[in-house]
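Work through the exercises below with the sequence and the structure at hand. Try each task before reading its solution.

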There are 2 protein chains.
Amino acid sequence: MARWQPGATQRLVVAAVDLFTEQGYDATTVSQIAERAGVTKSTFFRHFSDKRELLVAGQETLSRLLADGIAEAPSSATPLEAVAAGLRRASGAMGPTNREIGPRIRAAVAASTELQERDALKSVGLAAAMTEALAARGVPGPTAHLAAELGVLAFKRGFAEWSEGDSSDGEGLADRAVAALDDLRAATSSLG
Amino acid sequence: MARWQPGATQRLVVAAVDLFTEQGYDATTVSQIAERAGVTKSTFFRHFSDKRELLVAGQETLSRLLADGIAEAPSSATPLEAVAAGLRRASGAMGPTNREIGPRIRAAVAASTELQERDALKSVGLAAAMTEALAARGVPGPTAHLAAELGVLAFKRGFAEWSEGDSSDGEGLADRAVAALDDLRAATSSLG
């Protein structure tokens with residue numbers, strides 16, 4: 001029954017990003033996106049509530065993967081080691097399409113306040129999911145909150161580097177995200 | 001010429017927050033807000049582009065104060081000491097009205113995804129302003145970014161405590177925000 005779903009979701013996201021790039025976010029309609037993706041408008045609305053939601057497709061999946069990775073880290077893991085496990089888990093769900101459309105999504109977001117707002121709320125959601133998963137491990141509130149914020153910053157930086165970098169360099173998203181987390185941890189020692 | 005401005009801005013914000021509390025954000029129109037505040041719709045639009053902007057009124061002022069405080073901290077100040085100076089400067093601009101309407105604004109934001117998005121982007125803007133001010137002091141990128149994020153978390157926590165707390169306790173917003181920053185700094189040592 002859901003056999004068509006993965007393909008349609010991905011086609012809709014790619015079609016939308018192409019149209020946003022070509023003619024801007026505001027000028028792009030749901031009908032145009034559906035047509036470009038080769039689906040009906042009602043299929044569009046089975047996947048997304050509106051065109052804005054296309055650009056944060058996968059937020060719930062990403063939140064779940066980050067939280068799962070944190071939950072399943074060894075009990076001896078420090079808060080940041082647990083976050084790193086979450087980053088690795090979430091990175092595993094990102095494929096070539098995510099990498100390819102990443103820069104175009106960032107360009108569309110940079111050009112639209114409406115998308116910036118939605119993107120900012122996505123970050124809040126990811127941080128909340130990680131904070132909750134850390135708290136469930138017994139990490140105290142301020143530490144959990146802080147570790148989750150570092151996790152979001154690291155994932156965003158890792159993703160940006162990965163999707164803009166040389167695709168033949170062989171360094172994966174997970175390694176880049178964890179390296180960004182290490183940089184942030186190192187920066188804590190110079191906060192004063 | 002601008003003599004009417006401060007009063008009208010504040011009246012519009014209070015009127016809007018009252019209406020959002022009474023009947024919800026979605027059901028509240030610009031006309032109702034203007035009428036409640038005793039001004040015309042065109043006066044409303046001289047102050048705000050739409051009703052959503054009411055709830056982040058003062059974002060630019062707040063960004064400027066945070067950045068000014070950071071810029072004017074002694075050259076010997078550590079990154080977090082500079083952020084604390086920014087928090088103190090910004091706190092000085094918050095008065096009894098801010099304190100009184102704070103909890104109602106948070107309730108309105110909690111009830112509206114649209115407002116959550118706008119609020120999330122406000123935090124991004126405040127962090128960007130602080131990051132830039134820290135970078136201008138020569139603080140390296142990751143440290144500046146991290147210190148700014150801690151500053152936003154601290155200001156939000158401090159403001160929430162201040163506006164929800166016992167108004168006779170005598171502890172000001174600045175002290176609460178700086179205490180929250182101290183808590184976050186302490187939490188960095190248990191990140192692992």
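**Exercise 1.** State which helix of chain B holds Ser91(B), decide whether Ser91(B) is buried or exposed, and list what Ser91(B) touches beyond its sequence neighbours.

Solution. The model is a predicted one.
- Step 1: Ser91(B) belongs to helix 6 of chain B, which covers residues 79–91.
- Step 2: The relative accessibility of Ser91(B) is 7%. The limit for a buried residue is under 20%, so Ser91(B) counts as buried.
- Step 3: Setting aside residues up to four places away in sequence, Ser91(B) touches Phe155(B), Leu173(B) and Ala174(B).

**Exercise 2.** Do the same for Phe20(B), then compare its separation from Ser75(B) in sequence and in space.

Solution.
- Step 1: Phe20(B) sits in helix 1 of chain B, residues 5–23.
- Step 2: With a relative accessibility of 5%, Phe20(B) counts as buried.
- Step 3: Outside the neighbours within four places in sequence, the contacts of Phe20(B) are Tyr25(B), Thr28(B), Ile33(B), Lys51(B), Leu55(B) and Ala108(B).
- Step 4: Along the sequence, Phe20(B) and Ser75(B) are 55 residues apart, and in space their C-alpha atoms are 45 Å apart.

**Exercise 3.** Place Ala57(B) in chain B and describe its exposure and surroundings.

Solution.
- Step 1: Ala57(B) is in the loop that runs between helix 4 (51–54) and helix 5 (59–71) of chain B.
- Step 2: The relative accessible area of Ala57(B) is 31%. Partly exposed covers the range between under 20% and over 50%, so Ala57(B) is partly exposed.
- Step 3: Not counting residues up to four places away in sequence, Ala57(B) touches Val13(B) and Phe48(B).
- Step 4: His47(B) is ten residues from Ala57(B) along the chain, and the two C-alpha atoms are separated by 9.2 Å.

**Exercise 4.** Describe how helix 6 of chain A packs against helix 5 and against helix 10 of chain A.

Solution. Two packed helices are described by the angle between their axes and the distance between the axes.
- Step 1: Helix 5 (residues 59–71) and helix 6 (residues 79–91) of chain A have axes that come within 7 Å and cross at roughly 135 degrees. This angle makes helix 5 of chain A oblique to helix 6 of chain A.
- Step 2: The crossing of helix 5 of chain A and helix 6 of chain A is right-handed. The residues of this contact are nine nonpolar, two polar and two charged.
- Step 3: Helix 6 of chain A and helix 10 of chain A (residues 173–188) pack at about 155 degrees, and their axes are 8 Å apart. Angles over 145 count as roughly antiparallel, so helix 6 of chain A and helix 10 of chain A are roughly antiparallel.
- Step 4: The crossing of helix 6 of chain A and helix 10 of chain A is right-handed.
- Step 5: On the helix 6 side of chain A, the residues that meet helix 10 include Leu80(A), Val83(A) and Ser91(A), and on the helix 10 side they include Leu173(A), Ala174(A) and Arg185(A). By kind, the contact of helix 6 with helix 10 of chain A has nine nonpolar, one polar and three charged residues.

**Exercise 5.** What relation holds between chain A and chain B?

Solution.
- Step 1: Chain B is superposed on chain A by a rotation of 180 degrees with 0.0 Å of shift along its axis, at an RMSD of 0.0 Å. That is the relation of a two-fold axis.
- Step 2: Of the interface residues of chain B, 100% are also interface residues in chain A, so the copies meet through the same surface.

Terms used: Residues numbered from 1 in each chain as written. Chains lettered and ligands numbered in written order. Predicted model: local features only at pLDDT ≥ 70, side-chain atom pairs only at ≥ 80, totals over all residues. Heavy atoms only, no water. Helix = DSSP H or I, 4+ residues; strand = E, 2+ residues; numbered from the N terminus. Buried < 20%, exposed > 50% of the residue type's maximum accessible area, 1.4 Å probe, protein only. Contact = heavy atoms within 4.5 Å. Least-squares fit on C-alpha atoms with pLDDT ≥ 70 in both. Axes fitted to C-alpha atoms, helices over the stretch in contact; angles between N-to-C directions. Parallel < 35°, antiparallel > 145°, perpendicular 65-115°, else oblique. Left-handed = near helix turned anticlockwise from the far one by under 90°. Nonpolar A, V, L, I, M, F, W, Y, C, P; charged D, E, K, R; others polar.
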